Amino acid sequence: MEKKLYTISVYSENNLGLLNRISTIFVKRHINIESLTVSASEIENVSRFVVVVNMTEEAVKKIIGQLEKQVEVIQAYYHTDDEIIFTETAMFKFKSDLLFENPQIQNIIKEHSMNIVTVNRTFFIVEKAGRRHEIDAIYDAFAPFGIAQFVRSGRVAISKEAMNIRKILGEIVQ
Amino acid sequence: MKKTERIIGAEAVVRSLLAEGVDIAYGYPGGAIMPIYDELFKYQDQLHHVLTRHEQGATHAAQGYARTSGKVGVALATSGPGATNLITGIADAQIDSTPMVCITGQVASHLLGTDAFQETDVISISSPITKWNVQVTKAEDIPGAIAKAFYIAKSGRPGPVLIDITKDAQLAELDYAYEKCTHVRSYKPVPETNIEKVKEAATLINAAKKPMIIFGQGVILGAAEQEFKAFVEKTGIPSAWTILGLSALPTNHALNVGMVGMHGNYGPNKLTNECDLLIAIGMRFDDRVTGDLSKYAKQAKVIHFDIDPSEIDKNVKTDVAVLGDSKDTLAKILEFVQPKEHTSWLHEFRAFDNIEFEKVIDGQLNPTKEGLTMGEVLQGINKATDNDAVIVSDVGQHQMMAVRYANFTHTRSNVTSGGLGTMGFALPASIGAKMGAPERDVVAIIGDGGYQMTCQELGTILQTGTAVKIVVLNNEFLGMVRQWQQLFFDKRYASTEMINPDFVKLAEAYSIPAKKVVKREDLQGAIDEMIACKTSYFLEVMVEKEDNVFPMVPTGASVSDVRLS
Ligand SMILES: Cc1ncc(C[n+]2csc(CCOP(=O)(O)OP(=O)(O)O)c2C)c(N)n1
């Protein structure tokens with residue numbers, strides 16, 4: 001079976017030790033995590049992990065089983081890229097002089113509809129949310145001018161289908 | 001509103017344990033858990049604390065207790081080295097699904113993360129080997145954490161749980177009231193059973209010409225022995241066991257066809273690759289059971305009964321998965337299966353049994369060589385206990401011989417470290433096993449190697465007066481490793497030969513009656529004396545030094561390539 005990018009969404013109790021438990025499930029099986037984000041979800045006190053992995057569907061199903069086995073995991077799902085809406089955020093920092101010395105930089109910012117986060121005498125920061133390939137393209141465009149700092153977030157994703165966590169919590173309660 | 005009482009956290013720990021029906025706990029004190037020990041002192045009439053000689057011993061004793069009694073085992077330890085000494089037993093309980101609650105003391109919360117004296121991050125260390133764990137830093141959270149711990153440890157697929165309690169939480173006051181936990185919203189211990197799957201499974205079973213059952217500990221953990229037996233008898237299906245399924249069906253049952261796996265019986269291993277339907281019940285297709293997965297039961301349809309959805313398709317692709325509690329699913333399927341006999345198919349198993357008897361078993365039970373065999377020791381124990389002892393085995397050749405040759409009449413009689421293979425398990429586990437089943441004969445079968453990993457627990461036997469019968473099968477080798485060296489490393493016996501102490505003197509130093517047997521004519525008499533003895537007893541049997549366990553499925557081979565020599 002072929003490997004693919006899968007986005008795993010894990011709804012869980014908001015518990016300190018859970019990140020450790022979840023990451024060991026991947027590490028133990030030598031699965032490289034492409035990206036991992038943890039945040040609040042739409043439900044109070046429920047966290048949401050978004051984990052991107054490159055693996056076969058058969059293997060990802062087993063991972064879902066192991067994730068759901070954790071006492072504090074409410075439900076885990078996996079999706080292919082066409083089943084979700086997803087994005088990453090990137091920030092770039094430059095010396096302020098560059099903005100005046102290289103007008104191309106301004107063009108790149110405009111072309112990609114980037115947000116200017118801050119500008120001062122010494123540096124400026126621009127930001128962009130988008131897909132990995134868009135951010136890579138921006139990076140490549142900026143690179144020749146000297147990027148002072150670059151950072152990219154993990155993927156955040158929302159599924160097209162409903163994930164009925166409230167219902168599941170309700171079902172488990174009664 | 002429930003009535004509350006103002007007490008300190010440490011007392012809340014003991015009161016909560018009592019509220020869970022705990023009357024015995026195993027452990028070892030130290031600085032960070034002293035307030036709890038002080039309360040154990042006050043409550044000693046209600047809760048018997050057994051001081052083991054090592055924290056690992058406390059976990060194995062708690063496991064042994066859980067395995068024979070069906071209740072949750074409890075182990076306590078201090079922070080730092082006390083907590084880390086629990087780890088082997090916790091890992092063992094996790095892989096063998098044994099319900100256990102471990103309570104560790106922890107440094108005061110203001111010292112957490114400062115590398116304080118005896119601070120270890122036991123929560124992180126134990127995360128991959130516990131079903132659940134939690135650190136408690138506030139006294140008022142103690143009763144809730146303990147209630148949740150017991151619920152999680154024993155519900156669904158059981159497992160070990162650890163609660164780490166900071167010293168300040170033990171000393172602070174709280175308004176105590178206890179309420180048992182009956183649900184955790186994110187946790188579904190028993191998956192719903194789909195009746196359509198039960199019917200599909202029954203259809204396959206009714207149509208099968210050569211069906212075979214492999215049952216695991218899931219039958220015992222689900223307390224489904226009756227339902228299982230009824231199912232086996234109605235369908236007439238030959239039934240083989242995994243090492244942890246042993247004793248769920250009496251050894252002498254007409255449809256019991258022996259053990260599967262690496263040192264399992266010839267017939268069930270061979271016929272796994274000839275059956276047309278494989279029915280797995282509460283077992284997990286461990287690699288020691290399946291050998292090479294790409295050559296495992298490929299011709300058969302597979303039905304898998306399990307309580308843990310993550311076991312389905314994990315190792316072996318299933319045609320029909322029946323999720324749920326074995327007691328319930330086996331009762332359900334009984335209605336849909338037709339009464340049958342599989343006489344000629346069963347005969348195929350018995351034909352392989354005859355070959356195995358001739359090539360392997362006869363030599364063990366009726367030896368012509370001078371040296372004593374492990375098999376004849378087990379046969380002597382069967383005789384002396386009327387096939388009804390609790391056999392607690394350690395890990396190695398003697399373990400395989402114990403499970404192969406011991407006979408069982410009642411369930412929960414086989415206590416061994418299956419998934420982890422923990423040498424040193426048996427002696428402390430036998431203490432707990434006897435306390436969990438005081439009316440039964442509990443016989444520990446241990447190798448000379450494993451015995452020396454935890455033989456300090458003789459002190460626990462001395463102090464508690466627990467009447468366990470200890471049998472050391474002494475081959476003066478780390479026998480199982482030596483066997484592999486002989487078979488796969490051209491007899492290069494690297495670090496497997498043992499120069500041993502005088503084991504009889506060692507036992508006597510602990511006031512345990514002891515005997516050593518070197519000759520065949522003394523064996524049965526010594527076993528009978530041991531079983532008749534009202535107290536603990538130590539028996540050392542000098543066995544053939546370089547005997548091997550067969551049949552054997554070499555690692556990586558197919559189960560049908562099982563070797564008889
Ligand atoms: C804690 C631990 N260390 C090492 C091993 C590897 N091991 C498996 S069996 C065995 C030999 C056991 O020797 P002994 O206790 O004398 O029993 P025998 O095989 O001779 O019956 C060893 C070293 C193990 N299972 N557990």
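Three exercises with worked solutions follow, on a predicted model.

In this predicted model, local features need pLDDT of at least 70 and side-chain atom pairs count only at pLDDT 80 or more, while totals for chains, interfaces and linings use all residues. Residues are numbered from 1 along each chain as its sequence is written, chains are lettered from A in the order in which they are written, and side-chain values use heavy atoms, without hydrogens and water.

**Exercise 1.** Locate the largest nonpolar core (buried Ala, Val, Leu, Ile, Met, Phe, Trp, Tyr and Cys residues joined through side-chain atoms within 4.5 Å; buried means under 20% relative accessible area with a 1.4 Å probe, protein chains only).

*Solution.*
1. The largest core has 95 residues, and B:Leu278 and B:Ile281 have the most contacts inside it.
2. Its largest share, 7 residues, comes from helix α15 (343-365) of chain B, a helix being a DSSP run (H or I) of at least four residues.
3. Because domain 2 (195-349) and domain 3 (370-542) of chain B both contribute residues, this core lies between them; the bounds come from an automatic or database assignment.

**Exercise 2.** Describe the surroundings of B:Thr496.

*Solution.*
1. B:Thr496 sits in the loop between α21 (479-488) and α22 (503-509) of chain B.
2. B:Thr496 counts as buried because its relative accessibility is 1%.
3. Beyond four places in sequence, B:Thr496 touches residues including B:Glu476, B:Phe477 and B:Arg482, with heavy atoms within 4.5 Å.

**Exercise 3.** State how chain A is divided into domains.

*Solution.*
1. The assignment gives domain 1 (4-84 + 157-173) and domain 2 (86-152).
2. The C-alpha centres of these domains of chain A lie 32 Å apart.

Technical notes:
Buried < 20%, exposed > 50% of the residue type's maximum accessible area, 1.4 Å probe, protein only. Helix = DSSP H or I, 4+ residues; strand = E, 2+ residues; numbered from the N terminus.
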